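Here is a short briefing to read alongside the coordinates. Have a look at the structure first, and then we can walk through a buried residue, a disulfide and some enclosed spaces.

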Amino acid sequence: MFRFASFQSSRGPSQAPPAYSPDDVLATRNQLHVKVLHWMRIATASITFLVSIVIIACSATALRTYDNTRYHAEWILPLWPSMVDLRPTHALLACGVILTVASLLYIGIAVAPTPLRSIRSLNLTFTILAFLSLFMTIFTTVFANTINSHLSDSTQAGTLASWTCKWQGFGSAAPGRFSEICATSTVALDLVILMIVINSFSVLLAGWGWWVGAKIKRQSAEVKGELTQV
């Protein structure tokens, strides 16, 4: 006759039931919060990546078009002023590159099966990148708008946006491809302003992540006590 007790006593150490750590139990208790937080951060980083690619494309297109038109043989008079300030466009381009790298870095760490996927490590990484991205977008917006506004009325100097957008109301009288430079420069700057909103939301997500981490830490002592009694 089969005796369960004798079967139980004959089990080797390798057949013992698996031990569950406090982190396993806490992850189960807070699975909803952690899962929603994870995918919201992934979605925010993905949106940041896509928008930053457009910012890079618009800024690079404006610079390339400027290079192709500043020495145009068909025009006797120069199309551009004696001093063209490219710093706003370069700032937009640099901002787009930094946002691209930051978003890809977080997506890579969050998705790849690495030791960096702990809640604390992800919170720290996302917080640093969120504040860095927010600072870059605010700085770029203020920097570009300040220079554009300062040179908007000048007849001797200008930026790509301030100079080309002066011709918006002249229709066919505007030099060729000026409307394209104006449009791409404006879109790039508007998208950086949009990224301020998105990065502000990322900062809120970072705060939520630390709240979830603090909640799990508070529950750690309780779970350890429960596991000790089992």
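T164 has 0% relative accessibility and therefore counts as buried. Please keep in mind that this is a predicted model. Starting from T164, the points below move on to the cysteines, then to the cavities and a pocket.

**T164 and its surroundings**

- You will find T164 in helix 6, which covers residues 160-164.
- A polar atom of the T164 side chain lies 2.5 Å from the backbone oxygen of L160.
- Beyond its neighbours within four places in sequence, T164 is in contact with W80, T159, F178, I181 and C182.
- One of these contacts, C182, is also a partner in the disulfide with C165.

**The disulfide and other cysteines**

- The structure has one disulfide, formed by C165 and C182 with their sulfur atoms 2.0 Å apart.
- Because C165 sits in the loop between helix 6 and helix 7 (178-229) while C182 belongs to helix 7, the bond ties together parts that are 17 residues apart in sequence.
- The torsion about the S-S bond of C165 and C182 is about 105°, so this disulfide is right-handed.
- The two partners differ in exposure: C165 counts as partly exposed at 26% relative accessibility, whereas C182 is buried, with a relative accessible area of 5%.
- Two further cysteines are worth a glance: C58 counts as buried at 12% relative accessibility, and C95 counts as buried at 0%.

**The largest cavity**

- Searching the whole structure turns up two cavities of 30 Å³ or more.
- The largest cavity holds about 110 Å³ of space.
- Its lining is made of T44, A45, T48, A102, S103, Y106, F126, L129, A130, S133, N199 and S202.
- Helix 3, helix 4 (87-111), helix 5 and helix 7 are the elements that give two or more residues to the lining of the largest cavity.
- Helix 5 gives the most to that lining, with four residues.
- By class, the lining of the largest cavity has six nonpolar, six polar and no charged residues.

**The second largest cavity**

- About 70 Å³ of space lies in the second largest cavity.
- The residues around the second largest cavity are P88, T89, L92, N148, T159, L160, A161, S185 and L189.
- Two or more lining residues of the second largest cavity come from each of helix 4, helix 6 and helix 7.
- Helix 4 gives the most here, with three residues.
- Five nonpolar, four polar and no charged residues make up the lining of the second largest cavity.
- There is a link back to T164: L160, whose backbone oxygen lies 2.5 Å from a polar side-chain atom of T164, lines the second largest cavity.
- T159 likewise lines the second largest cavity and is in contact with T164.

**The second largest pocket**

- The volume of the second largest pocket is about 170 Å³.
- Of the 10 residues that line this pocket, V34, H38, R41, I119 and L122 are the closest to its centre.
- Helix 3 (31-69) and helix 5 (119-150) each supply at least two residues of the lining of the second largest pocket.
- The largest share of that lining, four residues, comes from helix 3.
- The lining of the second largest pocket divides into six nonpolar, two polar and two charged residues.

Notes
Residues numbered from 1 in each chain as written. Predicted model: local features only at pLDDT ≥ 70, side-chain atom pairs only at ≥ 80, totals over all residues. Heavy atoms only, no water. Buried < 20%, exposed > 50% of the residue type's maximum accessible area, 1.4 Å probe, protein only. Polar contact = N/O pair within 3.5 Å; in protein donor to acceptor, adjacent residues only side chain to side chain. Contact = heavy atoms within 4.5 Å. 1 Å grid on protein atoms, 1.4 Å probe; cavity = no way out; pocket = protein on both sides within 12 Å on 5 of 7 lines; lining within 4 Å. Points joined across faces, edges and corners; volume = space filled by probe spheres on them. Nonpolar A, V, L, I, M, F, W, Y, C, P; charged D, E, K, R; others polar. Disulfide = S-S within 2.5 Å.
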